[in-house]
Amino acid sequence: MHVKYTPKTWIKIAGIAICFSQSSCVQKAESSSLKNAFQNDFLIGAALGTEHILEKNQKADALIKREFNSITPENIMKAEVIHPEANKYDFNLSDKFVAYGQKNNMYVVGHTLIWHSQLPAFVNKISTADSLRMFMKEHINTVAGRYSGKLNSWDVVNEALNEDGTLRESLFYKLLGENYIKEAFDLAAKADPQAALYYNDYNIEQPAKRKGAIALIKKLQASGTKIDGVGIQGHWSINDNNLKEVEDAIVEFSALGIKVAFTELDYTVLPNPWDLKGAEVNQNFEGNPAMNMYTESLPDSVQNQLAKRYEDLFRLFLKHKDKISRITFWGVNDGHSWLNGWPIKNRTNYPLFFDRAYQPKKAYDAVLNLKSTN
Ligand code: XIL
């Protein structure tokens, strides 16, 4: 049976919030929030979309300010937005984003300087090493330079690795060779000497890709390049069983003398096309009900599974809190998540801590409860 989970675990009596639902029920101060609960452990962040930066939605805005102490721009600092043409930058939203973070005393993350995806057309047309190097230099100096001293951390290079740990044949790699990564970090360090500089990628908790990331980071370090941390994106599925790999990754990356952040956390509750063995590559999954099963609501069993996934993950995070700088969710609430549109368009997904009405889900309670029972 598909029963809608209503997070009515809390009621307010005379201004005091009282919880009377599950066995885990404890009385908490009204001010309980993710950022407060984990304030001695790590930062808690969210990726913001344009609507959040412009403070369009009062519920979202209140939630962001209450729960999070770090923000990452979901799209608006990517090259295609911030640097649409060779001689044209658009800082309209990025200035507002950074101001929002500063105004609210948040740890502000820049995402991302060098990435093969979401590039403006003029960059994709570049065919010589010199021109691409010039773009990199110009872009990093201008963007990182503009926010120098105002922003706390940069995802300098994003997704440079293949699944087997070799370097991705991106435009940057093809024209500049593997040294483009070092060049990007050196430029960023010069443009913003105070910002913490991160290498960011998905699946780098997995052994082969992790090995590639470790080799890449060691090379940077050996050549005297500043790198402060590694970002494990954390786009996972509730069917993934990867805690052992995640723990190994935390321990191994940290042994390099850098911090580990989880930079884009979400768990899809829906099937991914690549989960379906023998699936036709060019099959159109959009509109297929078997790939979009929870259009009305999330069944309790799945809600519980999601909560358990997050609870186990955060238990592991707490165990290694000395190595972890930040946990950032890729979105504010389920309605806003990119997973409603990727890898299949027009689905109803439930990957985050807050539902479409901006109410906390069971996963939120389960994770907060880890702190009250600690
Ligand atoms: C995603 C955004 O969430 C989408 O809105 C956009 O259409 C595509 O990019 N890895 C990253 C993020 O580093 O920048 C991506 O964000 C998700 C995967």
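A polar contact is a pair of N or O atoms within 3.5 Å; within protein, one atom must be able to donate a hydrogen and the other to accept it. In this predicted model, Thr268 gives an example: a polar atom of its side chain lies 3.1 Å from the backbone nitrogen of Leu270. Thr268 belongs to strand β10, which covers residues 259-268. The relative accessible area of Thr268 is 4%, and Thr268 therefore counts as buried, the limit being under 20%.

## The ligand and its surroundings

The ligand sits in the largest pocket. Around the ligand there are 13 residues, and those that come nearest are Glu74, Lys78, His111, Glu264 and Trp330. By class, this shell is made up of three nonpolar, six polar and four charged residues.

Polar side-chain atoms of several residues lie within contact distance of ligand oxygen atoms. The table lists Glu74, Asn75 and Gln118.

| Residue | Partner | Distance |
|---|---|---|
| Glu74, polar side-chain atom | oxygen atom of the ligand | 2.5 Å |
| Asn75, polar side-chain atom | oxygen atom of the ligand | 2.9 Å |
| Gln118, N or O atom in the side chain | oxygen atom of the ligand | 3.2 Å |

Taken alone, the ligand exposes 420 Å², and 78% of that area is buried by the protein.

Gln118 also has a notable backbone angle. Its phi is positive, about 50 degrees, although Gln118 is not a glycine. The residue is located in the loop between β5 and α6, the latter spanning 121-124. With a relative accessibility of 25%, Gln118 counts as partly exposed, because that class lies between the 20% limit for buried and the 50% limit for exposed.

His111, one of the residues that come nearest to the ligand, takes part in a cis peptide bond. This bond runs from His111 to Thr112 and has omega near -5 degrees. Thr112 is part of strand β5, residues 107-114.

## The loop between β11 and α13

A second cis peptide bond joins Trp342 and Pro343, with omega at about 0 degrees. Pro343 is in the loop that runs between β11 (324-329) and α13 (362-372).

Tyr358 is found in the loop between β11 and α13 as well. Tyr358 has a positive phi of about 70 degrees and is not a glycine. Is Tyr358 buried or exposed? At 18% relative accessibility Tyr358 counts as buried, since the limit is under 20%.

## The loop between α1 and β3

Two residues of this loop can be set side by side: Gln39 and Asp41. Gln39 is placed between α1 (34-37) and β3 (43-48), and Asp41 is in the loop between α1 and β3 too. Gln39 has 57% relative accessibility and counts as exposed, whereas Asp41 has a relative accessible area of 8% and is buried. The assignment follows because exposed means over 50% and buried means under 20%.

Which side chains does the side chain of Asp41 contact? One is the side chain of Lys321, in a polar contact of 3.4 Å. Another is the side chain of Lys371, where the polar contact is 2.7 Å.

For Gln39, a C-alpha to C-alpha distance can be given. Asn69 is 30 residues away from Gln39 in sequence, and the two are 9.0 Å apart in space.

## Two buried helix residues

Phe135 is part of helix α7, which spans residues 129-146. Its relative accessible area is 6%, and Phe135 is therefore buried. Phe122 stands 13 residues from Phe135 in sequence, with 9.9 Å between their C-alpha atoms.

Ile214 is found in helix α10, residues 207-222. Where relative accessibility is concerned, Ile214 has 13% and counts as buried. How far is Ile214 from Gly165 in sequence and in space, and which atoms define the distance in space? The two are 49 residues apart in sequence and 9.3 Å apart in space, taken from C-alpha to C-alpha.

Key: Residues are numbered from 1 along each chain as its sequence is written. This is a predicted model: local features need pLDDT of at least 70, side-chain atom pairs count only at pLDDT 80 or more; totals for chains, interfaces and linings use all residues. Side-chain values use heavy atoms; hydrogens and water are left out. A residue is near a molecule or strand if one of its heavy atoms lies within 4 Å of it. Accessible areas come from the Shrake-Rupley method with a 1.4 Å probe; for residues, only the protein chains shown count as cover. On a 1 Å grid over the protein atoms alone, a cavity is a set of points where a 1.4 Å probe fits but cannot get out, and a pocket is an open set with protein on both sides within 12 Å along at least five of seven lines; lining residues have an atom within 4 Å of a point. A molecule sits in a cavity or pocket if more than half of its atoms lie within 2 Å of its grid points. Ala, Val, Leu, Ile, Met, Phe, Trp, Tyr, Cys and Pro count as nonpolar, Asp, Glu, Lys and Arg as charged, and the others, Gly among them, as polar. Helices (H or I, at least four residues) and strands (E, at least two) are DSSP runs, numbered from the N terminus. Buried means under 20% relative accessible area, exposed over 50%, partly exposed in between (1.4 Å probe, protein chains only).
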